[in-house]
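Hello,

Here is the structure we talked about. My notes follow below it.

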Protein chains: 2
Amino acid sequence: MTYTAPVEQIEFILNKVVSFPQLAGTELFAEATPETTSAILTEAGKLAGEVIAPVNRAGDLTPAALENGKLRSSPGYADAFRALAEGGWIGVSANPEYGGMGLPQALNMAVNEMVASGCLALQLNPMLTQGQIEALEHHGSDELKSLYLPKLISGEWSGTMNLTEPQAGSDVGALTTKATRNDDGTYTVTGQKIFITWGDSDVTENVCHLVLARLPDGGQGTRGISLFMVPKFIPDADGNPGVANDLRVVSLEHKLGIHGSPTCVMSFEGAKGWLVGEEHKGMAAMFTMMNAARLGVGVQGVAQAEAALQQATEYAAERVQMGPIIRHPDVRRMLAESRAEVFAARAICLACATALDMARATGSDDWAARAALLTPIAKAYGTDIGIRVCDTAVQVHGGMGYIEETGAAQYLRDVRITAIYEGTNGIQAMDLVGRKLSDGGAAAMALLDEILDGAKAAQADQPELAEQVWQAAETLRETTLELLDRDLNERFAGAVPYLSAFSRVLGAAFHLLAALRGGNRALARVYITRILPHFAADLAAARADLADLEAIDEAVLLGRMAG
Amino acid sequence: MTYTAPVEQIEFILNKVVSFPQLAGTELFAEATPETTSAILTEAGKLAGEVIAPVNRAGDLTPAALENGKLRSSPGYADAFRALAEGGWIGVSANPEYGGMGLPQALNMAVNEMVASGCLALQLNPMLTQGQIEALEHHGSDELKSLYLPKLISGEWSGTMNLTEPQAGSDVGALTTKATRNDDGTYTVTGQKIFITWGDSDVTENVCHLVLARLPDGGQGTRGISLFMVPKFIPDADGNPGVANDLRVVSLEHKLGIHGSPTCVMSFEGAKGWLVGEEHKGMAAMFTMMNAARLGVGVQGVAQAEAALQQATEYAAERVQMGPIIRHPDVRRMLAESRAEVFAARAICLACATALDMARATGSDDWAARAALLTPIAKAYGTDIGIRVCDTAVQVHGGMGYIEETGAAQYLRDVRITAIYEGTNGIQAMDLVGRKLSDGGAAAMALLDEILDGAKAAQADQPELAEQVWQAAETLRETTLELLDRDLNERFAGAVPYLSAFSRVLGAAFHLLAALRGGNRALARVYITRILPHFAADLAAARADLADLEAIDEAVLLGRMAG
């Protein structure tokens with residue numbers, strides 16, 4: 001199970017396919033030159049392949065565990081994490097004032113992808129810490145910032161997100177964790193949270209929990225929720241971990257995958273907390289963290305797909321059954337389609353990250369709208385193809401793929417969570433057809449216009465492919481306008497296939513661009529002739545009637561009635 | 001994790017959708033009346049829900065193990081197996097002369113589906129025994145038949161298939177296990193086999209291995225292979241298990257799922273064997289066993305989908321997040337599409353089984369060709385939707401789906417093997433576009449003509465749905481003719497999407513028929529408007545160029561080169 005970071009493919013996408021080169025022209029990201037980019041990717045790739053990937057299997061075999069109420073992480077994780085932290089890789093896009101590198105998110109996401117290819121369960125720790133860093137940068141007081149940011153960025157401390165409660169999953173507003181005000185300006189937090197990733201850690205000396213809770217005068221639903229920083233150890237006067245806070249890990253979940261990542265039930269038992277942002281406005285801060293995390297999760301899907309695909313390709317090159325199976329047309333089809341999907345999803349993720357960076361560097365609302373539009377697509381498509389490619393990689397291995405020692409099954413088990421956490425892919429799709437089209441479709445139309453222009457420009461060089469992309473984008477444009485006339489519930493019934501169609505069109509557009517700019521033309525043809533065409537059926541499903549879904553009796557769904 | 005056998009839905013498909021009612025008109029299956037069918041399904045359904053399903057989780061948590069070289073099966077398996085055997089359920093379609101019920105395979109497959117919904121890992125044992133029964137009925141000597149069949153049919157003994165060797169997976173002809181002739185007419189078998197399901201058993205008193213091996217004068221490849229019965233205990237003069245044969249289980253595999261099913265590395269160390277069929281013609285006998293098993297595996301996919309979907313539907317009805325989530329349009333879409341796919345796959349499997357029965361009852365070559373055509377489709381589509389539905393069921397559970405205690409993840413892990421064993425789904429697709437079209441497409445055209453006629457007949461009642469099915473079948477017919485002009489390698493590159501398109505058209509045709517005959521019309525609309533439309537993209541992929549796949553450098557597939 002070796003992993004070699006796809007440095008050239010990532011560089012190609014950054015430099016030739018997405019708008020990344022524009023970033024070096026901005027004041028904020030002037031340092032993001034091709035040379036720096038190349039050096040960063042090469043170094044991070046080395047770390048991911050040589051230091052992170054080697055601990056991946058151990059985490060699966062020896063899951064994180066609670067021993068006498070304390071977390072014991074998987075073998076080798078502490079050293080691998082230290083190497084990651086010491087390389088400065090947690091703070092690639094963090095503020096240099098607090099020790100970060102101040103580089104674009106696009107570069108950070110490329111690094112994250114490599115680390116997540118190495119070991120998803122471990123990478124979740126820095127990924128959530130990065131989300132916390134961003135939330136504090138945007139919403140924290142100066143005091144919180146100067147106390148926490150340097151420690152988080154250096155990887156001495158790690159961060160978590162505490163949203164979910166047993167009755168409050170997708171419906172965050174249903175949470176019951178309480179906060180009360182103390183005289184000294186701090187707060188007391190009491191309640192139970194579930195599914196808390198890396199809720200405890202022995203690879204960092206402190207664990208900083210951002211906790212959503214309701215103040216006594218907080219109204220019902222999401223509006224009455226506030227956000228608090230609740231550290232495991234309360235920092236002393238020197239900013240070092242002092243006395244233990246009143247919180248504990250109750251238990252760890254036994255999961256399908258990411259065994260090395262402790263998923264905790266957390267109990268806050270009158271724990272001391274500090275307000276982040278304003279009272280009752282915790283959801284805004286949490287959304288900052290969640291949006292970054294959503295793109296990050298899309299990247300995780302790409303990461304696992306990349307690692308699994310590399311392994312499957314190597315296996316296919318070596319396994320002989322009437323010649324190496326990589327020469328069998330059906331095996332080659334599986335590998336080529338998978339590679340084409342990884343390319344497309346990676347381009348979408350990096351385009352989304354670049355849009356975030358451009359928005360930040362230029363203050364442009366258009367770039368911000370582009371980033372907002374692409375976020376749910378990057379999350380859902382990245383993780384959908386993550387699962388699809390990891391599943392195909394198992395299939396390429398035949399019977400060996402079902403044997404755990406091979407490692408292919410671990411990728412499939414690990415990646416499966418990515419379609420669920422940080423908002424299920426269904427929720428991403430509803431975000432796309434709801435909130436993200438609530439501008440009357442302006443952001444979507446702007447993107448589709450660009451794709452249509454790109455297809456026109458490609459017509460001379462790639463007439464057939466360009467025509468297919470143009471037709472698909474035009475049909476997507478028409479369907480988008482049609483959906484805008486429907487009420488939200490009707491849109492929701494077609495949200496997932498609509499997002500799928502949008503992803504295919506975007507992926508095809510990036511492949512077309514790549515083919516024009518020195519990328520692999522056969523790979524573009526594989527995507528456009530074999531994967532893109534499903535967009536039409538996706539759109540048919542997106543337009544299909546909600547009434548049909550509602551007309552099917554629950555007894556029929558349960559299999560207890562024929563008709 | 002309760003399972004309620006979908007007796008009504010299965011009866012509806014048998015009586016209204018496939019040709020099952022014709023069977024009662026044949027001499028061979030005169031007993032397969034609606035009353036008998038209903039009684040059998042009800043009884044078997046009760047057993048599956050009340051006796052088999054309750055042991056499913058225990059098998060996952062406490063896998064089969066080797067203890068001092070002997071197999072120790074999972075808790076509760078022995079009792080559950082005994083109930084199954086004593087009910088006569090292993091011999092539903094076996095010859096009454098040896099204790100079977102002599103009922104159609106279609107009914108047997110319906111029973112197998114229920115048992116496999118209850119516990120896939122356990123059901124593998126009787127499924128393979130049934131395959132062995134069929135192989136012996138067709139190819140065994142009278143002596144072998146009278147010795148083994150009563151014991152296998154009663155479930156006192158169980159049967160296995162020994163094909164695979166480390167270097168001989170899909171390429172069976174590469175096997176190296178040797179057989180030599182003894183003076184007494186028996187043979188001596190020596191070699192190692194891998195992936196032997198239920199290669200040992202403590203739920204039966206003997207384990208009968210059918211082993212493929214090569215005689216000294218057996219030529220190379222598949223033509224020089226013979227088949228032998230090699231029992232764990234050599235039957236004594238009274239036909240009871242006597243002295244131990246020279247074979248042993250070397251180790252068990254650690255697998256992604258079906259933990260309760262021991263997957264053995266078997267070592268035959270000069271074991272005594274009896275020839276089944278003729279020397280050097282073992283593959284023919286093995287194919288009898290494999291074809292039955294292929295349909296049986298398709299049924300397993302349907303079975304796991306059914307069980308997982310029932311659980312997800314119950315969860316969705318109970319889980320409240322802004323109302324019960326079953327009322328959320330996207331959750332309802334997931335459940336309804338899954339139910340529509342289960343219906344379609346079940347109809348295809350039961351149509352295939354009915355064709356096998358009609359061929360046997362009437363001696364008709366047309367029915368035999370129909371069964372042969374449908375077998376790879378039933379296997380691949382049944383298991384593809386098996387995986388898809390079990391995956392969707394995890395998604396419906398949200399975060400809870402990723403927690404092993406919920407049980408949803410087990411279905412996904414268990415069902416994953418079905419797309420691999422008994423010939424990967426890629427091999428099924430190649431069988432379809434190769435061997436099964438080698439009649440010049442006659443069997444395929446006959447089936448498509450029936451579908452076209454059916455669509456015409458439905459036009460008055462269901463004009464829109466009928467039109468869509470008609471168009472799809474017509475396009476499939478044209479593409480089939482086009483593929484017949486291509487060489488085999490080119491066909492293979494499009495085999496999987498071609499099989500997918502064929503499955504969708506067939507599934508849609510069965511849904512249309514069901515809608516006309518009192519089935520659920522909304523369910524038919526869901527299939528035809530949301531699932532069928534992907535057939536066009538499947539066919540585009542089936543026609544796409546092999547040259548593109550071959551033009552992509554291995555370095556690009558590995559992610560090590562951009563273009």
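**Aromatic pairs**

B:Tyr148 and B:Trp157 are both buried (under 20% relative accessible area with a 1.4 Å probe, protein chains only; exposed is over 50%, partly exposed in between). This is a predicted model, so local features need pLDDT of at least 70 and side-chain atom pairs pLDDT 80 or more, while totals for chains, interfaces and linings use all residues. Residues are numbered from 1 along each chain as its sequence is written, chains are lettered from A and ligands numbered from 1 in the order in which they are written, and side-chain values use heavy atoms, without hydrogens and water.

Over all chains, the structure holds 8 aromatic pairs (rings of Phe, Tyr and Trp, the last by its six-membered ring, with centres within 6.5 Å; planes under 30 degrees apart are stacked, over 60 edge-to-face, the rest tilted). B:Tyr148 and B:Trp157 form one that is edge-to-face, because their planes stand at 70 degrees, with ring centres 5.6 Å apart. B:Tyr498 and B:Phe502 form another edge-to-face pair, at 5.9 Å and 85 degrees. Both lie in helix 17 (residues 495–516) of chain B, 4 residues or about one turn apart. Helices (H or I, at least four residues) and strands (E, at least two) are DSSP runs, numbered from the N terminus. B:Tyr498 and B:Phe502 are buried too.

**Around B:Leu476**

B:Leu476 sits in helix 15 (residues 463–484) of chain B. Its relative accessible area is 0%, so B:Leu476 is buried. Beyond four places in sequence, B:Leu476 has contacts (heavy atoms within 4.5 Å) with B:Leu448, B:Tyr498, B:Phe502, B:Val505 and B:Leu539. The aromatic pair B:Tyr498 and B:Phe502 is thus among its partners. The C-alpha atoms of B:Leu476 and B:Phe535 are 8.4 Å apart, with their positions 59 residues apart along the chain.

**Salt bridges**

How many salt bridges are there over all chains? The search finds 60 (a Lys or Arg side-chain nitrogen within 4 Å of an Asp or Glu carboxyl oxygen). Three examples:

- A:Glu341 and A:Arg388 meet at 2.9 Å, N to O. They link helix 10 and helix 11 (residues 365–396) of chain A, 47 residues apart. A:Glu341 is buried at 7%; A:Arg388 is partly exposed at 35%.
- A:Arg504 and A:Asp538 meet at 2.7 Å. They link helix 17 (residues 495–516) and helix 19 (residues 534–543) of chain A, 34 residues apart. Both are buried.
- B:Asp60 and B:Arg413 meet at 2.7 Å. They link helix 4 (residues 56–61) and helix 12 (residues 408–415) of chain B, 353 residues apart. Both are buried. In chain A, shared partners join A:Arg57, A:Asp60, A:Glu404 and A:Arg413 into one salt-bridge network.

**The interface**

Chain A puts 96 residues in contact with 96 of chain B. The two chains bury about 8,300 Å² between them, 59% of it on carbon and sulfur atoms (accessible area, 1.4 Å probe, lost on being put together, summed over both). In chain A, A:Tyr402, A:Arg530 and A:Leu557 lose the most area to chain B, together 10% of what that side buries.

There are 6 salt bridges between the chains. One joins B:Arg525 to A:Asp548, with the closest N and O atoms 2.6 Å apart. On the chain A side, helix 10 (residues 329–362) gives the largest share, 7 residues.

Best regards
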